[in-house]
Every structure is written in structure tokens, then in C-alpha cells.
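Welcome! Take a look at the structure below, then work through the exercises with their step-by-step solutions.

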Amino acid sequence: MIRRVVRQSKFRHVFGQAVKNDQCYDDIRVSRVTWDSAFCAVNPKFVAIIVEASGGGAFLVLPLLKTGRIDKAYPTVCGHTGPVLDIDWCPHNDHVIASGSEDCTVMVWQIPENGLTEPLSEPVVVLEGHSKRVGIVTWHPTARNVLLSAGCDNLIIIWNVGTGEALINLEDMHPDVIFSVCWSRNGSLICTACKDKKVRVVDPRKGKIIAEKDKAHEGARPMRAIFLADGNIFTTGFSRMSERQLALWNPKNMEDPISVHEMDTSNGVLLPFYDPDTNVVYLCGKGDSSIRYFEITDEAPYVHYLNTFSSKEPQRGMGYMPKRGLDVNKCEIARFYKLHERKCEPIIMTVPRKNEVKLEELLREVKSLRDLVTLQDRRIAKLEDQVAKVAI
């Protein structure tokens, strides 16, 4: 019986590549707010980045093609009176973006066709209902004009953006700060990660918690929880010894995780980005200089490490391009927009074609043979020296 050493996967050779300097967005003052959100949101037309702003909160909205140095006087979206904590593009309209802020409001903005030519301070709608800062905003994946917001008042509100009214208020479910909220694939459920170390699955229409797990990760630092395409839940967090962990859960039985992996002892929060088409999860740690990616399958150990993209600069935040914005003709399966202290750098993830993989393996073999030949030549030269000395 032949034992397969390396697990077969279409994504084993996925590699990341940062674009050239002239294709980056330079001279951007990325926000220094101490909040664990991505600080960046991307769609096929625009990239939005939360920036430093005096006397309020603001974020930049740049057309994707506007690369290079960004003028300090470039107009921003600047209607909030407190720092902006989170932004999210509407999946149904590439010109609509929502923002949550420390001023306890959620604002929805309409971006002009070709981007901003002057500062935008008038939102389409202001949603007021939170009593403390709003740290999470996320659009419903399938229903138009439905937006979820979560604040530090431990309250989740689901809004009808068209009328500006709250559709659902989820109170008394979370006794502490909510770290993350994620819709299921069809938008019928939400899963939340809270400071009380619980992961909850909530049916918002019934206003009920249908599953929860206490101490999903035992560490005190922030957790993240996201739904996968098959309905399972993927979480990132910290162990009691402050090691970073990732885990996979079945919401129908949350007693024990399907799989748990311990990674390293870095203290940056792991932001998970999920691709439902390839079943690959990308983990971007705040303050890390790498993106790790894992494939989720039905075979043990269920979460399979694929590879790591590493660079020199640590990341302040990360934007993730939806599938609609990728160049599939170049075998692109994901694109990230990595925030440095003063710039935004696109990183392209590509699956090489079969012949490219074969070529890579052949080149590797040629290199190892050359190294072997060089070693043999050195040995021969050494022996010839010894022969010459003995002959004398």
C-alpha cells in the first residue's frame, strides 16, 4: 500500500504577490484608533480606508485605478463627529457604503460615479439607536437595504436603510462588548463572538439564541467568528496561555470543536477572510507581516494549512476584494489590500496552472543537481590539492 505523504489539494501551490510600488496607494495617514476592525473595505470600483482626521472621523474613498501618491488635500467622507471604527460596502450597490463611529451613529453614504471631487459630509441616511460607540457594521448578504450594526452598548440593531428605521433590536443577549458579528450565507442566522468568551448563533427574526458555546477560546483577548458555506462556524482567538488558536464548530453540537489548531504566541488579533467558492480561509493578524491560509475540508483534521505569504512590513488593517472584482483569467483567487502606516498595498493570490507547477518542480530539481555538481567539484579540487602535496 502506497502511503501518500503530501495531501492532494488544488490550492497547495497558491502564492501571494505584492504589486509594484507604482500600483500602491501612497501617502495615506491610516487611522490610529485602537479598535480591532479591518480599517479598509474594497469592492470592484473603490477602495475605502479609515484615516486620521482632526475634529471628527473620516475615511478616504479612492477609485481602484487611482494609484500612486494621494494628495493630502484629497476629499474625504467626513460627516461623523467622532473617529470612524468600521466601514462596509453594500454588496448590492457598489456606490453605497456604511460607516459606524464613536459618535454612536451609523451613516450610509452614496459615492458619486467617478469618486469624490469634494469632501462628502451629507449622508443619505443617519441611523441613531445606539447609546455607545458603534464598532461593527455589516450588510445583509441577500436582502437589499438591510444593515446590521453592533455597539459597545452590547446591542445589535438590524436596520431598514430605505426608511431609516430599526427592524430588529437584539437586547439582553450579550452581557459584554461584542467583538464580531457575521451573517450566514443566506442571511437567516448571525453568529457573534463576545467578551464573555461565548460564541452565539442567533436567529434574528425569532430573537432567540439557537446555539452557544462558553469559553470557545479561553484567552481574554478578542475572538472572531464567521459562518462557512456549509453552516459550520470558524473561530479565531487565544488560549489560556495566550497562544493564538483557530477552531471549527458545528452549530448543531457545540459541546466540542470539530478541530482546534494552536498557532503562535503573537498578540495580534487574527482577522479571518473566507472564500466560500474555494473553501479557503485567510488569516491576517493585526501587526503581523504575514497572511496564512488554510483549506477547510470534510477529511480530518478538517482545517489544513496551505501556506504563508510573508512581507517585511506589519499590517495595520486589511481589505478583501469580493470575487466580482478579481481577474480570473490570470488565475487570481483572492486579492487583499494591506494597510501600512502610510500606504495601501494590493496583494494578489494566484493558483498557478499545472504546467507552471511542473516547471517550478523541474527548476527546483535542476538547482539541486547544480548544487550537487558544485559540491562534487569542490571535493575534486580538494583531493587534487592533497595529491599535489603528497607528490611533492
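**Exercise 1.** Leaving aside its neighbours within four places in sequence, which residues is isoleucine 28 in contact with?

*Solution.* Start with the ground rules. This is a predicted model, in which local features need pLDDT of at least 70, side-chain atom pairs count only at pLDDT 80 or more, and totals for chains, interfaces and linings use all residues. Residues are numbered from 1 along each chain as its sequence is written, and side-chain values use heavy atoms, with hydrogens and water left out.

Step 1: contact means heavy atoms within 4.5 Å. Step 2: with that rule, isoleucine 28 touches Ile49, Val51, Leu60, Leu62, Ile70, Glu341, Arg342, Lys343 and Cys344.

**Exercise 2.** Find which residues touch the most other members of the largest nonpolar core, and which strand gives the largest share of this core.

*Solution.* Step 1: a nonpolar core is a set of buried Ala, Val, Leu, Ile, Met, Phe, Trp, Tyr and Cys residues joined through side-chain atoms within 4.5 Å. Buried means under 20% relative accessible area, exposed over 50%, and partly exposed in between (1.4 Å probe, protein chains only).

Step 2: the largest core has 40 residues, and Ile28 and Phe59 touch the most other members. Step 3: strands (E, DSSP runs of at least two residues, numbered from the N terminus) that each supply at least two residues include E4 (46–51), E5 (57–63) and E10. E4 gives the largest share, 6 residues. Step 4: a second, separate core has 28 residues, among them Leu189, Ala211, Phe227 and Leu246.

**Exercise 3.** Describe the surroundings of strand E10 (residues 105–110).

*Solution.* Step 1: two strands pair if DSSP finds at least two bridges between them. E10 pairs with E9 (residues 96–101) in the antiparallel sense over 5 bridges; in this pair, alanine 98 is bridged to valine 108 of E10. Step 2: the E9 and E10 hairpin has 3 residues between the strands, and cysteine 104 takes a positive phi near 70° there.

Step 3: E10 also runs antiparallel to E11 (residues 125–128), joined by 4 bridges, with valine 106 partnered by leucine 127 of E11. Step 4: because 5 of its 6 residues are buried, E10 is largely enclosed by the rest of the structure.

**Exercise 4.** How many disulfides does the whole structure hold?

*Solution.* Step 1: a disulfide is a pair of cysteine sulfur atoms within 2.5 Å. Step 2: the search finds 0. For cysteine 194, the nearest cysteine sulfur is that of cysteine 152, 11 Å away. Cysteine 194 counts as buried, at 1% relative accessibility.
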